[in-house]
Amino acid sequence: LVSAMENNQIPWANTFGNHDYGDRESWSYSADSQMNVYNSFSYCLSRNDNDSTIDGCSNYNLPILSSDGKHVAYQLWALDTRNNGLSSNQRDWYVNTSKAMKKENGGKLINSMMFFHIPLPQMNNIYDQRNNDGFIGHAGEVPNTAAGNTDMFGALKEVGDVRLLVNSHDHKNDFIGTYDGIDMCYSSSVGYQYYRDENMMGARVINLSEDDLSTYETHMVYAK
């Protein structure tokens with residue numbers, strides 16, 4: 001996957017989850033050492049913005065500039081769920097950083113999306129809608145959420161900048177829905193190392209238009 005991005009000169013970024021923290025007996029690379037490897041690639045934009053008091057190794061936000069390059073038009077947040085989900089200090093880092101960005105932007109909220117591996121408990125509310133008319137996507141397994149997601153949903157509601165949460169973790173899910181005003185979705189598995197549904201192998205595409213950054217278009221693209 002990395003070679004495809006690099007060979008086509010496409011900027012890319014990643015964030016860590018449970019598979020990056022030694023869930024294999026032979027795993028010997030720390031998250032920090034993995035980040036160093038990723039950062040050695042020319043088109044990798046991943047980084048770690050937080051200090052040692054904040055959990056995880058890939059907590060950062062990527063600003064997307066306006067077409068004229070004069071201001072930040074959009075933001076992409078990445079958070080490291082590790083094995084347990086998000087922690088309260090990660091939540092506070094997001095809140096404080098977002099508020100600082102808003103202040104720098106003349107008090108105007110910057111629309112954004114957030115990416116992290118293990119979903120919030122609120123994802124279950126969308127899964128419970130799977131038999132309703134209009135449900136979009138595959139719901140092949142119950143969301144495996146983490147107890148460590150310490151009121152992150154409340155923080156998202158408080159700040160109000162995130163338009164979409166994107167998760168993975170549950171390899172047989174790729175559904176999307178809305179709960180309490182916040183859109184949440186999965187992207188299904190792209191790797192062959194772990195359990196999967198062969199018919200769902202693929203990735204989620206998200207399109208933005210500078211004409212209206214309060215919304216987006218998204219769909220899945222499958223290998224088969």
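**Exercise 1.** State how many bridges join strand β5 (residues 176-179) to β6, and in which direction the two strands run.

*Solution.* Step 1: Four bridges join β5 to β6, and the two run antiparallel. Strands and helices here are DSSP runs numbered from the N terminus (E, at least two residues, for strands; H or I, at least four residues, for helices). Two strands count as paired if DSSP finds at least two bridges between them.

Step 2: Within this pairing, Gly 177 stands opposite Met 184 in β6.

Step 3: The connection between β5 and β6 is a hairpin with two residues between the strands, and Asp 180 in the turn has a positive phi of about 50 degrees.

The model is predicted, so local features need pLDDT of at least 70 and side-chain atom pairs count only at pLDDT 80 or more, whereas totals for chains, interfaces and linings use all residues. Residues are numbered from 1 along each chain as its sequence is written, and side-chain values use heavy atoms, with hydrogens and water left out.

**Exercise 2.** Find which strand runs parallel to β6, and establish how many residues of β6 are buried.

*Solution.* Step 1: Strand β4 (residues 162-167) is joined to β6 by four bridges, and the two run parallel. Val 166 is the residue that stands opposite Cys 185 in β6.

Step 2: Five of the five residues of β6 (residues 182-186) are buried, so the strand is largely enclosed by the rest of the structure. Buried means under 20% relative accessible area, exposed over 50%, and partly exposed in between (1.4 Å probe, protein chains only).

Step 3: Ile 182, Met 184 and Tyr 186 point one way from β6, Asp 183 and Cys 185 point the other way, and all are buried.

**Exercise 3.** Give the strand order of the sheet, its edge strands and the helices that pack on it.

*Solution.* Step 1: The sheet is open, has six strands with mixed pairing, and follows the order β1-β2-β3-β4-β6-β5.

Step 2: The edges are β1 (60-65) and β5; each has a single partner strand, so one side of each is left without a neighbour in the sheet.

Step 3: From one strand to the next, the twist averages 20 degrees.

Step 4: Strand β3 (residues 112-115) is joined to β4 by four bridges in parallel, and Met 114 has Leu 165 in β4 as its bridge partner.

Step 5: Helix α3 (residues 88-104) packs on the sheet, touching β1, β2 (72-78), β3 and β4, and its direction makes about 170 degrees with that of β2. Helix α5 also packs on the sheet; α5 touches β3, β4, β5 and β6, and its direction makes about 135 degrees with that of β6. Contact means heavy atoms within 4.5 Å; axes are lines fitted to C-alpha atoms, for helices over the stretch in contact, and angles run from 0 to 180 degrees between N-to-C directions.

**Exercise 4.** Identify the partners of Glu 158 and Asp 180 in salt bridges, and where each residue lies.

*Solution.* Step 1: The structure holds five salt bridges (a side-chain nitrogen of Lys or Arg within 4 Å of a carboxyl oxygen of Asp or Glu).

Step 2: Glu 158 meets Lys 99 at 3.0 Å, N to O. This pair links distant parts of the chain, with Glu 158 in helix α5 and Lys 99 in helix α3, 59 residues apart. Glu 158 is exposed at 51% relative accessible area, while Lys 99 is partly exposed at 44%.

Step 3: Asp 180 pairs with Lys 157, the closest N and O atoms being 3.5 Å apart. Asp 180 lies in the loop between β5 and β6 and Lys 157 in helix α5, so the pair ties together parts that are 23 residues apart in sequence. Asp 180 is partly exposed at 44% relative accessibility, and Lys 157 is partly exposed at 41%.

**Exercise 5.** Describe the surroundings of Glu 141, including the nearest side chain of opposite charge.

*Solution.* Step 1: Glu 141 sits in the loop between α4 (123-127) and α5 (152-159).

Step 2: Glu 141 is buried yet has no salt bridge; Lys 172, the nearest side chain of opposite charge, is 6.5 Å away. For charge, Lys and Arg count as positive and Asp and Glu as negative, while His and the chain ends are not counted.

Step 3: The side chain of Glu 141 reaches the backbone nitrogen of Lys 172 at 2.9 Å, and a polar atom of that side chain lies 3.0 Å from the backbone nitrogen of His 171.

Step 4: Not counting residues up to four places away in sequence, Glu 141 touches Tyr 127, Asp 170, His 171, Lys 172, Asn 173 and Tyr 195.

Note on methods: Polar contact = N/O pair within 3.5 Å; in protein donor to acceptor, adjacent residues only side chain to side chain.
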